[in-house]
Amino acid sequence: MLLLGATVSPFVRKVLVFAAEKGLVLEHRSISPATSDDPQFLAASPFRKIPAFVDGDFSLADSTAIVTYLETKFPQQPLIPLEARQRATAIWYEEVADTVMFPAGQKIFFNRVVLPKFLNRPGDLLAADEAQSTLLPPIYAYLETVAPAGGFLVGNALSIADIAVTCMLVNMHLCDAAVDPARYPKLAAYYARISARPSFVPLIEADRARLAA
Ligand SMILES: N[C@@H](CCC(=O)N[C@@H](CS)C(=O)NCC(=O)O)C(=O)O
């Protein structure tokens, strides 16, 4: 199984962490969505979004679609709960990550990281600062109310909820918009704990090294 996309994308990271937590090994090819002419990428992702995924003669784009495929095909070590309330709540957190956290964080990440580091253009740092001061506080304040002291967002096991939310927080961290432990102590401790899992650590280290270069 092949996953295409650069790991600085929180959606690519979501699939790689999900697979690692299930004990699955994916071949990974880092490609840039804007410039890649990789035929497998273009066939799998009609709108040029990463991640894209290939399993034999089956291909697919979108992190949620891909993790749904992996969960269904490899039900061992389940990461999408089956019980109705837990399953719906896990999807709620994944949606919060993908549709609330990502657009807010992207305004910061794009201007502080993507433009200067990958596209050799100056970012709009004022827009990034503005997004950090206006868009992130309500998100972090909400997450502070639900961050568990020692466990997981849903039930008593790691799920797609923890993976999706933490993947977005990694990007906030990488662009100097990390959770402030003085203001959001429960969320900061939760983030530190989940992002220290072996499924996250090598990916975060590789992205840090890449952005420092
Ligand atoms: N809902 C999609 C979002 C994918 C997405 O927006 N990926 C971004 C990178 S973080 C992308 O490919 N952007 C390129 C573009 O929009 O041209 C998912 O879950 O995979």
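**Exercise 1. The two faces of strand E3**

Task: In this predicted model, determine which residues of strand E3 lie on each side of the strand, and whether they are buried or exposed.

Solution: Begin with the general rule that side chains in a regular strand alternate between the two faces of the sheet. Strand E3 covers residues 52-55, with Ala52 and Val54 on one side and Phe53 and Asp55 on the other. The next step is to compare accessibility with the cut-off, under which a residue is buried if its relative accessible area is under 20%. Ala52, Val54, Phe53 and Asp55 are all buried, and both faces of strand E3 are therefore covered.

**Exercise 2. The order of the sheet**

Task: Work out in what order the four strands form the open sheet, and which strands stand at its edges.

Solution: Start with the pair E1 and E2, where strand E1 (residues 2-4) runs parallel to E2 over three bridges, and where leucine 2 has glutamate 27 in E2 as its bridge partner. Then turn to E1 and E3, which pair in the antiparallel sense, also over three bridges; here leucine 4 is partnered by alanine 52 in E3. Finally, E3 and E4 run antiparallel and are joined by four bridges, with valine 54 standing opposite serine 59 in E4.

Putting these pairs together gives an open sheet in the order E2-E1-E3-E4, with mixed pairing. Strand E2 (27-29) and strand E4 (58-61) each have a single partner strand, so they stand at the edges and one side of each is left without a neighbour in the sheet. On average, neighbouring strands of this sheet are turned by 20° against each other, if direction is ignored.

Two further details complete the picture. The hairpin of E3 and E4 has two residues between the strands, and glycine 56 in this hairpin takes a positive phi near 65°. Helix H1 (residues 10-21) lies across E1 and E2, and runs at about 160° to E1.

**Exercise 3. Charged partners of helix H1**

Task: Identify which residue forms a salt bridge with arginine 13, and which residues are linked with Lys14 in a network of salt bridges.

Solution: The general idea is that side chains of opposite charge can pair when their charged atoms come close. A search of the whole structure finds eight salt bridges.

For arginine 13, the partner is aspartate 207, and the closest N and O atoms of the two are 3.3 Å apart. This pair links distant parts of the chain, since aspartate 207 belongs to helix H9 (residues 201-212) and arginine 13 to helix H1, 194 residues apart. With a relative accessible area of 1%, aspartate 207 is buried, and arginine 13 is buried too, with a value of 0%.

For lysine 14, take the two partners in turn. Glutamate 94 forms a salt bridge with lysine 14, with the closest N and O atoms 2.7 Å apart; glutamate 94 is in helix H4 (residues 84-118) and lysine 14 in helix H1, 80 residues apart. Both glutamate 94 and lysine 14 are buried. The side chain of lysine 14 also meets that of aspartate 98 in a salt bridge at 2.9 Å, N to O. Lysine 14 lies in helix H1 and aspartate 98 in helix H4, so this pair ties together parts that are 84 residues apart in sequence. Lysine 14 and aspartate 98 are both buried. The network of salt bridges thus links Lys14, Glu94 and Asp98.

**Exercise 4. Tyrosine 140 and its surroundings**

Task: Explain why the pair of tyrosine 140 and tyrosine 184 is edge-to-face, and find which residues tyrosine 140 touches.

Solution: The structure as a whole contains five aromatic pairs. In the pair of tyrosine 140 and tyrosine 184, the ring centres are 5.5 Å apart and the planes stand at 75°. Planes over 60 degrees apart count as edge-to-face, so this pair is edge-to-face. Tyrosine 140 lies in helix H6 (residues 136-146), whereas tyrosine 184 lies in the loop between helix H7 (160-174) and helix H8 (185-195), 44 residues apart. Tyrosine 140 counts as buried at 4% relative accessibility, as does tyrosine 184 at 7%.

Leaving aside residues up to four places away in sequence, tyrosine 140 touches Leu169, Met172, Ala177, Ala178, Val179, Tyr184 and Leu187. In the largest nonpolar core, which has 72 residues, Tyr140 is among those with the most contacts, along with Leu70, Met101, Leu169 and Leu187. Helix H7 gives the most to this core, with eleven residues. Elsewhere, ring pairs link Phe53, Phe58 and Tyr69 into a cluster.

Terms used:
Residues are numbered from 1 along each chain as its sequence is written. This is a predicted model: local features need pLDDT of at least 70, side-chain atom pairs count only at pLDDT 80 or more; totals for chains, interfaces and linings use all residues. Side-chain values use heavy atoms; hydrogens and water are left out. Rings of Phe, Tyr and Trp (its six-membered ring) pair if their centres lie within 6.5 Å; planes under 30 degrees apart count as stacked, over 60 as edge-to-face and the rest as tilted. Buried means under 20% relative accessible area, exposed over 50%, partly exposed in between (1.4 Å probe, protein chains only). Two strands pair if DSSP finds at least two bridges between them. Axes are lines fitted to C-alpha atoms, for helices over the stretch in contact, and angles run from 0 to 180 degrees between N-to-C directions. Contact means heavy atoms within 4.5 Å. A nonpolar core is a set of buried Ala, Val, Leu, Ile, Met, Phe, Trp, Tyr and Cys residues joined through side-chain atoms within 4.5 Å. A salt bridge is a side-chain nitrogen of Lys or Arg within 4 Å of a carboxyl oxygen of Asp or Glu.
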